[in-house]
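Biologist: I should like to study one part of this model closely, beginning with the chain as a whole. Please explain each term as you come to it.

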Amino acid sequence: MTTDIDPAWTTEELSSIRDGLVLAAERLRAEIAILDTASAQAVSASTLEVLHDEIDVASHRSELMQDAVQLENATAILEQTEHVLARLDLGLYGVCERCSAAIGRPRLEAFPRATLCMTCVA
Ligand SMILES: [Zn+2]
């Protein structure tokens, strides 16, 4: 039985994984830039007291909250993506950063940004 052994990633596989991560990072940076601009504009709008209606202010606030949550999520995912890219460049893609065990292909295929094995995540 050799099915449990994690075969080494081929150069082609690593290069396509890397491309996917780089692309994801670019998309996240673009998304963060848009969210940043949106929240900056929202701040200047409220400073100018453009919104007088209470309902408008309330819905505007909830939009701001959503943007803030999205911005936080996108920033966290971008950090994780850059972290995985750095590990990939060190030749450590698919290696658990806590116990150094192989993370395993099925998990990495489902979560290409995983840096911990199932045991360490649990
Ligand atoms: Zn581990």
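In what order do the elements of the chain run from the N terminus on? Please then take a close look at the loop between α2 and α3, where serine 100 lies.

Modeller: The model is predicted, so local features are described at a pLDDT of at least 70 and side-chain atom pairs at 80 or more, while totals for chains, interfaces and linings use all residues. Residues are numbered from 1 along each chain as its sequence is written.

From the N terminus on, the elements run α-α-α-α. The chain therefore has four helices and zero strands, where helices (H or I, at least four residues) and strands (E, at least two) are DSSP runs numbered from the N terminus. The average pLDDT, the predictor's confidence in each residue from 0 to 100, is 86 for the chain, and 85% of the residues score at least 70. Among the helices, α1 (residues 11-47) has the lowest mean confidence, at 87, and α4 (residues 118-121) has the highest, at 94. Over residues 1-5, pLDDT stays under 50, and the model has zero contacts for them beyond four places in sequence. A contact means that the C-beta atoms of two residues, placed from the backbone, lie within 7 Å. Of the contacts in the chain with a separation of 6 or more, 66% join residues 24 or more positions apart.

The loop follows helix α2, which covers residues 54-89. At 1.5 Å a residue, its 36 residues should span 52 Å, and this agrees with its end C-alpha atoms, which are 52 Å apart; the expected span is 1.5 Å times one less than the number of residues. Burial is judged by counting other C-beta atoms within 10 Å of a residue's own: 20 or more make it buried, 12 or fewer exposed, and a count in between partly exposed, with C-beta atoms placed from the backbone. Buried residues make up 9% of the 122 residues in the chain, and those of α2 are Ala74, Thr81 and Val84. Glutamate 72 is also located in α2, but this residue is exposed because it has 11 C-beta neighbours inside 10 Å. Its C-alpha atom is 9.9 Å from that of leucine 35, although 37 residues separate the two in sequence.

Just after α2, glycine 91 has a positive phi of about 80 degrees. Glycine 91 belongs to the loop and counts as exposed because it has 9 C-beta neighbours inside 10 Å. Across 82 residues of sequence, its C-alpha atom is 9.9 Å from that of tryptophan 9. Tryptophan 9 sits in the segment before α1 and is partly exposed, because 17 C-beta neighbours lie inside 10 Å. The C-alpha atoms of tryptophan 9 and glycine 94 are separated by 8.6 Å, with their positions 85 residues apart along the chain. Neighbours within four places in sequence aside, the contacts of tryptophan 9 are Leu14, Tyr93 and Gly94.

Further along the loop comes serine 100, whose phi is near 65 degrees, a positive value in a residue other than glycine. Most residues other than glycine have a negative phi. Serine 100 is exposed because 9 other C-beta atoms lie within 10 Å. Alanine 102, which is also in the loop between α2 and α3, is partly exposed because its C-beta neighbours inside 10 Å number 16. Alanine 102 and methionine 118 are 16 residues apart in sequence, and their C-alpha atoms are 9.8 Å apart in space. The loop leads to helix α3, residues 105-110.
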